Each structure stands twice: as structure tokens, then as C-alpha cells.
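User: I am a first-year student and would like to work through this structure step by step. Could you answer a few questions about it?

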Amino acid sequence: MRKTKPRKRIILPDPKFNDVLVTKFVNNIMLKGKKSIAYKIFYDAIDIVADKTKENGLDVWKKGLSNVTPNVEVRSRRIGGATFQIPTEIRPDRKMSMGMKNLIGYARKRSEKTMALRLASEIIAASKEEGAAFKRKEDIHRMAEANKAFSHFRM
């Protein structure tokens, strides 16, 4: 936009845990505007996590989310006819959204019966530093490490 930056929308906390981060996560789960179904999936997944791990489900989820959140990424930049992959740090809000999207995306690809079970399994795996979403974060970090030599081209 040319004139003004768009105003940040205020996201209200969720009804059960009173946490804004949960609402953002549920908004990422949601398909076709079905927010109540997304909340049901999330709360069921948290209950399953609590049953399986014998810990607080929300704490396990937060730990898993922090484990799959990347700190750096590579961006393509064209310099003198050659394209370089330049490692850059990620803004905090983008960092969180990437972590959430990876967790949900890889949960959708799992083979359990319901989405709540898939999400719960991916959350438990992420909290133990394993699973597809954690592997994705490791791959992103490895790529940034491999291209560290080009970091002086930063924008």
C-alpha cells in the first residue's frame, strides 16, 4: 500500500484457555470459515495429548510449537545474473505463523483416523523434537547454515 500501513486486527483470546495464541492456531486449522469445528478439533487434540502424555496438554502444545518454529530462512536474491540463497532472520510474527502452518500441514498428511488424532500425534512428536514438522525446521536451518557464506548479500 502506498499511503498507510494496514491496521493490525485485534485477535480475541479463545473461550477455554483465554489465550490469543490458541485463537491464531485455530484460525490456521479452520477451513471454509468453520471456526467451531476448528475449535472442536483443537480442544479434542489437546485432551488427547493430555491423556497420552499425562501432562498439561496446553503446555505440551506450546513446547511443540516452539520446537517447530524456525529462526532463520533462506531467501532468493538475484545478483549479477546469479541467484543466491541468502539466509535471513525471520520476524517474530512470521516465525510463529510458519511454525503453526508447518505443524498443521504435516498433521493433515498423517494417516490417523480423525484430524484431532493427527494433530495430537504431531504435537506430541514435535514436543519430543521428532516428526515431520520438526524435520522441516531442521531442513530450513541446515539450508541457512549451508548458505552462510552469502549472508553478506543481505538486503
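User: How many positive and how many negative side chains does the protein chain have, and how far apart do the centres of the two sets lie?

Analyst: In this predicted model, Lys and Arg count as positive, whereas Asp and Glu count as negative. On that basis the protein chain has 35 positive and 17 negative side chains. The centres of these two sets lie apart by 10 Å.

User: What pattern do the helices and strands follow along the sequence of the protein chain?

Analyst: The protein chain contains six helices and two strands. Read along the sequence, these elements follow the pattern α-α-α-β-β-α-α-α.

User: Which helix gives the largest share of the largest nonpolar core?

Analyst: The largest nonpolar core has 31 residues, and those touching the most other members are Phe25, Ile29, Phe42, Trp61, Leu103 and Leu119. Two or more residues come from each of the helices H1 (20-29), H2 (35-53), H3 (57-67), H4 (92-108), H5 (115-127) and H6 (132-146). Among these elements, the largest share, nine residues, comes from H2.

User: Which residues is Phe25 in contact with, leaving aside its neighbours within four places in sequence?

Analyst: A contact here requires heavy atoms within 4.5 Å, and Phe25 is one of the core residues that touch the most other members. Leaving aside neighbours within four places in sequence, the contacts of Phe25 are Phe42, Trp61, Leu65, Met100, Leu103, Ile104 and Leu119.

User: What percentage of the residues in the protein chain is buried?

Analyst: A residue is called buried when its relative accessible area is under 20%. Of the 155 residues in the protein chain, the buried ones make up 37%.

Notes. Residues numbered from 1 in each chain as written. Predicted model: local features only at pLDDT ≥ 70, side-chain atom pairs only at ≥ 80, totals over all residues. Heavy atoms only, no water. Helix = DSSP H or I, 4+ residues; strand = E, 2+ residues; numbered from the N terminus. Buried < 20%, exposed > 50% of the residue type's maximum accessible area, 1.4 Å probe, protein only. Charge placed at Lys NZ, Arg CZ, Asp CG, Glu CD. Core = buried A, V, L, I, M, F, W, Y, C linked by side-chain atoms within 4.5 Å.
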